[in-house]
Amino acid sequence: MQLYNNLSKKERAVLIEQAGKDRLTISFYKYAKIGNPELFRNHMFLAWNELDVLGRIHVANEGINAQLSIPADNFEAFKHHLDSISFLENVRLNIAVEHDNFSFLKLKVKVRDKILADGLNDQTFDVTNKGQHLNAEKFNELIDNPNTILVDMRNHYESEIGHFKNAVIPDVDTFRESLPIIEEDLKDFKADKNLVMYCTGGIRCEKASAYYKHKGFKNVFQLEGGIINYVHEVQEKGLENKFIGKNFVFDERRSEKISDDIIANCHQCGKPADTHVNCANEACHLLFIQCDECKEKMENCCSTNCMEINRLPYEEQKEMRKGQGNSNDIFKKGRADHLPYKKDLRNIFENFTP
């Protein structure tokens, strides 16, 4: 009985190419009590593997968080399987704005302590006491209200390439880091301002809204279904799109184009650019923004040092990495001294006056 992916990314890409079928990129989450996450995880893997589902899925006692792709032909069977699980019946599915048959190349279903790394002790507050959900139309109306503070709940490398107009953009590396910073910097507005939050698909705001209500914020709102759902609603209803740039996504696509605006810069030369890449040196793997000219000049690397290492024979590179562990930058996103044009947003709250 196969319970784990046994194909490499290259092997899976070949199979997808040979199949010649369009695939849909989908995300969803659901907070629910799962008594045996390991058993539930195995059930999901077996069912989804049969449907040729690929993706990154986290399961925990508190629920499920999934980003995946599936052949369009299998969507109805996939939906039927979800509906057969009581707490996932009619769960909202966020369909990607831009599809790519290669958005995911493995099926990974993992058991975690939490489906979202928020750093919170859920026993200390009512996680079900969430903020009011807003559809795209109500969201547009409320963020135009001068009594509203709009906050981006994503990380710096996400908001750098795209965000809503006039949003407060904390310069943070992780979601858990943003929670106390936002609370502290907006503490004087708990009673009389509308706190409106958004993220990619809604899951971060789901937890954050309950946390901020617990912390004394009186008027808490969140964008229903996040940026992904917002874009679909705007297109379907002919509403004004207030999101500028690209929406960062956590799969092989890296982003979805929402507007024609390029609001970021190449981290190496400063030219307008909004394409995230990973440094070709596997010992570095730094995520950063690189324009086409620098990509060619730097050979897909973030620095001359990485470029020189990457030119070495692969076996020699492997030998160099033995016993070294990961570099300081390998898990970082655009945080490196040798990237002179990384946008600095750390003073965003200091410059913000509601």
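N305 sits in helix α10, which covers residues 304-310. In this predicted model, N305 counts as partly exposed, because its relative accessibility is 47%, and the cut-off for exposed is over 50%. Its C-alpha atom lies 9.4 Å from that of N281, although 24 residues separate N305 and N281 in sequence. From this helix, let's step back to the whole chain and then visit the core and a few loops.

**Overall build**
- The protein contains 11 helices and 14 strands.
- Its radius of gyration is 21 Å, which agrees with the value near 20 Å for a compact globule of 354 residues.
- Along the principal axes, the C-alpha atoms of the protein fill a box of roughly 60 × 50 × 40 Å.
- Of the contacts with a separation of 6 or more, 70% join residues that are 24 or more positions apart.

**Surface and charge**
- Half of the story is inside: 50% of the 354 residues are buried.
- The accessible surface of the protein is about 17,500 Å², and carbon and sulfur atoms account for 47% of that surface.
- The protein carries 48 positive and 55 negative charges, and the mean positions of these two sets are 3 Å apart.

**The nonpolar cores**
- In soluble globular proteins, nonpolar side chains tend to be buried together.
- Here, the largest nonpolar core has 29 residues, and F28, W48, I64, F78 and L82 have the most contacts inside it.
- The elements that each supply at least two residues of this core are β1 (23-31), α2 (37-50), β2 (54-60), β3 (63-71), α3 (75-83) and β5 (107-111).
- Helix α2 gives the most to this core, with 5 residues.
- What does L82 contact, once neighbours within four places in sequence are left aside? The partners of L82 are F28, M44, W48, L88, E89, V91 and L93.
- Two of those partners, F28 and W48, are also listed with L82 among the residues with the most contacts inside the largest core.
- There is also a second, separate core of 25 residues, which includes L120, V151, V168 and A210.

**V97, between two strands**
- V97 is found in the loop between β4 (94-95) and β5.
- Is V97 buried or partly exposed? With a relative accessible area of 22%, V97 is partly exposed, because buried means under 20%.
- Not counting residues up to four places away in sequence, V97 touches I228, V231, H232, E256, K257 and I258.
- I26 is 71 residues from V97 along the chain, and the C-alpha atoms of I26 and V97 are separated by 9.7 Å.

**Positive phi at N166 and H285**
- N166 is a residue other than glycine with a positive phi, near 65°.
- You can find N166 in the loop between β8 (162-164) and α6 (175-185).
- N166 is exposed, with a relative accessible area of 74%, because exposed means over 50%.
- H285 is not a glycine, yet its phi is positive at about 65°.
- The loop that holds H285 runs between β13 (276-278) and β14 (287-289).
- H285 has 38% relative accessibility and so counts as partly exposed.

Key:
Residues are numbered from 1 along each chain as its sequence is written. This is a predicted model: local features need pLDDT of at least 70, side-chain atom pairs count only at pLDDT 80 or more; totals for chains, interfaces and linings use all residues. Side-chain values use heavy atoms; hydrogens and water are left out. Helices (H or I, at least four residues) and strands (E, at least two) are DSSP runs, numbered from the N terminus. The radius of gyration is taken over C-alpha atoms; the globule rule is 2.2 Å times the number of residues to the power 0.38. Buried means under 20% relative accessible area, exposed over 50%, partly exposed in between (1.4 Å probe, protein chains only). Contact means heavy atoms within 4.5 Å. Accessible areas come from the Shrake-Rupley method with a 1.4 Å probe; for residues, only the protein chains shown count as cover. Lys and Arg count as positive and Asp and Glu as negative; His and the chain ends are not counted. The place of a charge is taken as NZ of Lys, CZ of Arg, CG of Asp or CD of Glu. A nonpolar core is a set of buried Ala, Val, Leu, Ile, Met, Phe, Trp, Tyr and Cys residues joined through side-chain atoms within 4.5 Å.
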